[in-house]
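Hi everyone, thanks for making room for me today. Let me put the structure up, and then we can walk through it together.

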Amino acid sequence: MVAINVNGTTREVDVDPSTPLLWVIREQLSLTGTKFGCGMAQCGSCTVQLNGRPIRSCVTPVSAAVGQQVTTIEGLAPSDSELHPLQQAWIAHQVPQCGYCQSGQLMSAAALLEANPNPSDDEIDKAMAGNICRCGMYGRMKAAIKTVASASYYDAAATADGSKA
Amino acid sequence: MNKWTRRGLLTTGVIFGGGLVLGIAIRPGNRTPGLAPLVTDDGETLVHTWVKLDTDNRITVIVPHSEMGQGVGTALSQMLADELDADWNLVSFEEAPAIEEFANHSLGQGFLLPGVELPAMIAPSVEGVLIKTAQALDLQITGGSMSIRATGQYGMRVAGAAVRELLVESAAEAWNVPVSEVSASKSYLAHEASGRRAPYSEFASAAAEKTPSLAPRLKTPDQFTVMGTHVERHDIPAKVDGSALFAMDVQVPGMLYATVRRAPTFGGNLAKLDDKAARGVRGVKDVISLPADEIGGTMSSFAAPATVAVVADSYWSAKQGLDKLELEWSSPDDVKRSSDDMFAQFDRDISQAANRQADIRSGDVAGAISGAAAVVKADYQVPFLAHTCMEPQNATVSVTDSGCEVWVGCQNPLGFRSAIADALGMDSDAVVVNNHFMGGGFGRRAIADCAVQAALLSQKMRKPVQVVWSREEDVRQDYYRPAIQSRFSGALDENGNLLAWENTYVNKHEPAEAPLIPYSVDSLDIGHVESPTHVPFGAWRSVDHSQHGFFTESFIDEVAIAAGQDPYQYRMDRLKDKPRHRAVLKKAAEAADWGTPLGSGRGRGISLQESFGSLVAQVVEVSLVNGETQVDRVVAAIDAGVAVSPDGLTAQIESGIIYGLTAALYGEITIEDGAVAESNFHDYQALRMPKAPIIETHIINSDAPIGGAGEPGTPGIAPALANAVFDASGVRVRRLPMSRPEVKMQLEDWSASAA
């Protein structure tokens with residue numbers, strides 16, 4: 001048995017410790033918002049956060065998540081009644097088309113803004129370069145990220161609790 | 001279809017102008033079995049096949065197309081809601097189930113009668129023929145950029161208008177006032193003189209008793225209130241919080257997982273299988289071989305090679321098992337061919353021109369060429385391309401003694417139902433297809449190969465089975481955009497006028513008009529020869545336009561340059577009788593500041609493409625840095641008649657451009673020894689955010705019939721890019737992709753000489 005904490009809840013799963021985190025999240029925990037795209041860390045569809053940093057769960061063994069905090073798309077919103085500002089911006093900019101890559105895109109973008117509330121265009125490009133969108137909504141994603149950055153959501157949050165910089 | 005009755009789905013003679021099935025009343029206690037689940041509670045009346053009106057005055061539009069990113073449900077609902085004068089806030093939509101009643105024959109009309117505007121008077125008789133055709137072919141297809149211009153135009157709008165008329169008539173009767181005095185607005189009916197006002201729902205039952213008009217009056221564009229306005233897509237909120245359900249997200253109780261490997265060589269077979277080690281992997285339940293079979297493609301049928309499947313209690317166990325199989329494949333000698341062999345074959349077959357078929361021929365091409373002041377000649381080649389939808393191919397199927405249930409995301413639910421029924425030896429009625437959001441379609445998800453595998457495995461395992469392909473399988477077992485070659489000669493007089501245009505290419509598919517050009521030219525000869533390969537092919541976003549758009553719009557540029565003229569002006573001069581084409585080209589050129597200097601190492605290229613009923617002009621700006629092509633900006637102008645959903649149209653153009661740009665920059669499936677050499681995104685790359693250009697889309701609303709949106713953005717980007725690279729460097733790219741080593745070497749040489 002392996003115990004992992006996903007979105008604040010610790011769960012025990014009966015899998016080989018070398019099983020990629022992706023399949024544990026999807027099949028054992030039934031959190032299907034995280035997607036399989038390539039299986040070799042090339043496309044970013046499987047991106048989740050490990051202690052706030054974006055990782056490719058398709059190549060991360062579940063054993064690497066033991067004792068860590070895993071956040072998936074289902075845990076991105078601050079509460080059931082409120083979306084994360086990036087999710088709101090994604091709707092405002094009508095970003096998704098097929099939508100399949102969007103969980104991974106949002107987890108990468110959220111990790112970026114958490115670490116760097118006011119990224120430059122180049123910094124956005126670098127942070128998002130690991131996430132492919134075959135519908136090609138790069139321009140809309142970039143615009144949505146900049147909307148949230150300029151709204152200073154993260155600056156305000158950092159001031160409020162002093163822990164985020 | 002004798003099961004259709006007055007109270008059933010379709011009233012006799014009520015088929016009109018492409019309205020797919022102009023049904024009128026499905027009510028509790030009197031239901032067509034296949035539609036019964038759509039009437040989910042007793043308070044509802046299905047007034048019309050296309051619209052369900054419940055007692056809360058809510059309207060549900062039933063959409064016979066699949067969602068693969070294009071926002072089809074929202075746009076089609078806009079069309080119906082507008083004609084119905086519905087309150088948009090009360091409108092939602094559901095995808096139609098895969099049953100015969102939803103075979104979309106107006107799609108058949110669009111395919112069979114391309115470009116023909118049917119007078120309303122004859123539409124019913126044409127439709128009467130086509131509905132039978134569509135049902136016989138099991139067409140429930142989303143493709144060909146047809147949803148809005150066929151289903152929307154002939155189905156949704158007519159349906160909305162017909163229901164509105166029935167409601168108005170019903171209210172007039174109930175209130176005992178003339179029909180002309182009843183008005184409809186925002187889902188309410190009103191009679192001004194008496195001050196009566198009531199919601200649509202109050203008259204739903206009465207309206208359902210009536211026979212709808214064969215020719216309801218449609219609005220003119222100035223009367224639109226919902227069409228042409230910005231509305232948010234209904235499917236987007238679920239796509240930002242992970243709750244949108246794709247087929248791979250389906251979990252059926254007791255379900256097993258499987259992954260597969262097919263013979264890598266098309267036409268190959270299984271020679272040896274040792275599964276001892278695979279069966280030893282924790283969780284593996286079985287290893288099953290499926291024989292080679294015929295699988296119907298979108299444009300032809302192909303032999304699906306033999307398949308080995310590992311079935312397990314999780315995908316990862318199945319994958320581990322698959323990797324431990326010891327497999328040997330046989331491949332017949334005649335398919336052990338390479339891409340280079342095939343291009344050599346194309347070159348030979350074009351030169352021999354045996355059995356050349358003309359698409360169009362006028363004037364005296366040979367005479368014009370022999371008497372020309374200059375003759376421009378060029379050959380172009382494009383490679384095979386995979387679709388690489390973000391969601392790898394997958395399907396979940398549960399076969400039981402009583403029937404079969406399927407969970408899939410596909411572009412053709414009825415076709416899938418038929419293919420699965422055939423494979424299982426069942427009647428189609430025993431197969432239920434649940435269609436889900438598609439993680440990309442692009443033409444790939446019209447083919448049922450993976451779903452048939454899941455059905456056969458479920459039948460053998462006696463349990464529900466979800467088959468998930470690895471990305472490697474997805475890249476190597478596609479139905480590819482065909483590689484083809486095209487050869488041109490252009491004859492010029494001493495003033496650079498285009499006297500003749502001669503073009504021969506290999507392997508014509510669809511649409512037939514893809515190689516044609518809009519430019520006026522005295523003598524014209526466009527034709528093709530057959531030069532088949534063993535590589536399975538299928539529809540790929542914009543189909544033959546993806547190849548011919550590159551060829552023709554590159555060659556007209558070469559002709560303009562040879563004539564010593566500006567490529568934009570040269571095109572404009574040959575579009576004198578085509579005001580829509582001129583307007584689109586002019587819009588893109590002006591918005592992109594055509595003609596203003598860009599500086600060293602930078603260039604602009606232009607293209608114009610008519611496809612799927614829409615006109616798109618593109619201007620691309622590039623920078624060349626050390627042999628690398630950076631696309632800085634794309635300015636697009638589109639005339640799709642009327643933009644039903646302007647932001648949706650803009651998003652589709654952006655998407656089509658990026659999809660085409662990925663292919664132009666990187667896309668190449670290479671055949672070696674009869675099999676695909678590439679395997680995943682590291683060697684079959686996709687454009688990523690750092691390389692994505694700024695895209696500006698300009699919409700022109702003309703009075704032309706509504707055109708397509710999903711595909712028209714794709715064909716024009718490759719030629720505009722190649723033309724821009726030429727403008728910047730003088731290097732003419734005639735074989736895609738741009739990442740080919742010889743292109744890079746030429747551009748590096750240019751960089752070195754320019755430095």
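Let's start with a quick one: is B:Trp501 buried or exposed? B:Trp501 comes out at 0% relative accessibility, so it counts as buried. Before I go on, please keep in mind that this is a predicted model.

Now, who sits beside that tryptophan? B:Trp501 and B:Phe555 form an edge-to-face aromatic pair, with 5.2 Å from centre to centre and 70° between the planes. The two residues come from distant parts of the chain: B:Trp501 is in strand E22 of chain B, residues 498-506, while B:Phe555 is in helix H13 of chain B, residues 545-562, and 54 residues separate them. B:Phe555 is also at 0% relative accessibility, so B:Phe555 counts as buried. Both belong to one aromatic cluster, whose other members are B:Tyr380, B:Phe488, B:Phe550 and B:Phe551.

Helix H13 comes back when we turn to charges. Over all chains, the search finds 47 salt bridges. In one of them, B:Arg571 meets B:Glu553, with 2.9 Å from N to O. B:Arg571 is in helix H14 of chain B, residues 567-573, and B:Glu553 is in helix H13, 18 residues apart. Both B:Arg571 and B:Glu553 are buried.

A second salt bridge on helix H13 pairs B:Arg734 with B:Glu558, at 2.8 Å from N to O. Here B:Arg734 lies in the loop between helix H17 (717-729) and helix H18 (741-754) of chain B, and B:Glu558 lies in helix H13, so the pair ties together parts that are 176 residues apart in sequence. How accessible are the two ends? B:Arg734 is partly exposed, with a relative accessible area of 32%, whereas B:Glu558, at 10% relative accessibility, counts as buried.

For a pair on strands, look at B:Glu621 and B:Arg633, a salt bridge with its closest N and O atoms 2.9 Å apart. B:Glu621 sits in strand E25 of chain B, residues 614-625, and B:Arg633 in strand E26, residues 628-639, so this pair ties together parts that are twelve residues apart in sequence. Both of these residues are buried. Going back to the helix H13 charges, salt bridges that share partners join B:Glu553, B:Asp557, B:Glu558, B:Arg571, B:Arg732 and B:Arg734 into one network.

Okay, over to chain A. Chain A has six helices and five strands, and from the N terminus on its elements run β-β-α-β-β-β-α-α-α-α-α. Chain A has 165 residues, and 57% of them count as buried. If we take the contacts in chain A with a separation of 6 or more, 56% are between residues 24 or more positions apart.

So how do the two chains meet? How many residues of chain A are in contact with chain B? There are 51 residues of chain A in contact with 56 residues of chain B. The size of an interface is often given as the accessible area lost when the parts come together. For chain A and chain B, the buried area is about 4500 Å², and carbon and sulfur atoms give 58% of it. A:Gln94, A:Gln97 and A:Arg134 supply 19% of the area that chain A buries against chain B, more than any other three residues.

On the polar side, the count between the chains is five salt bridges. One of the salt bridges joins B:Asp647 to A:Arg140, with the closest N and O atoms 3.1 Å apart. There are also 26 residue pairs in polar contact across the interface, both residues being at pLDDT 80 or more. Which helix of chain A gives the most to the side that touches chain B? That is H5(A), with four residues. The residues on that side of chain A divide into 24 nonpolar, 17 polar and ten charged.

Last stop: aromatic pairs, with a count of 18 over all chains. A:Phe36 and B:Tyr315 form a tilted one, 5.4 Å centre to centre and 45° between the planes. A:Phe36 lies in the loop between H1 and strand E3 (47-50) of chain A, and B:Tyr315 lies in helix H7 of chain B, residues 315-323, so this pair joins two chains. A:Phe36 is buried, with a relative accessible area of 3%, and B:Tyr315, at 2% relative accessibility, counts as buried too.

That's my tour, and I'm happy to take questions!

Note on methods: Residues are numbered from 1 along each chain as its sequence is written. Chains are lettered from A and ligands numbered from 1 in the order in which they are written. This is a predicted model: local features need pLDDT of at least 70, side-chain atom pairs count only at pLDDT 80 or more; totals for chains, interfaces and linings use all residues. Side-chain values use heavy atoms; hydrogens and water are left out. Contact means heavy atoms within 4.5 Å. Buried area is the accessible area (1.4 Å probe) that two parts lose on being put together, summed over both. A salt bridge is a side-chain nitrogen of Lys or Arg within 4 Å of a carboxyl oxygen of Asp or Glu. A polar contact is a pair of N or O atoms within 3.5 Å; within protein, one must be able to donate a hydrogen and the other to accept it, and residues adjacent in sequence count only if both atoms are side-chain atoms. Ala, Val, Leu, Ile, Met, Phe, Trp, Tyr, Cys and Pro count as nonpolar, Asp, Glu, Lys and Arg as charged, and the others, Gly among them, as polar. Rings of Phe, Tyr and Trp (its six-membered ring) pair if their centres lie within 6.5 Å; planes under 30 degrees apart count as stacked, over 60 as edge-to-face and the rest as tilted. Buried means under 20% relative accessible area, exposed over 50%, partly exposed in between (1.4 Å probe, protein chains only).
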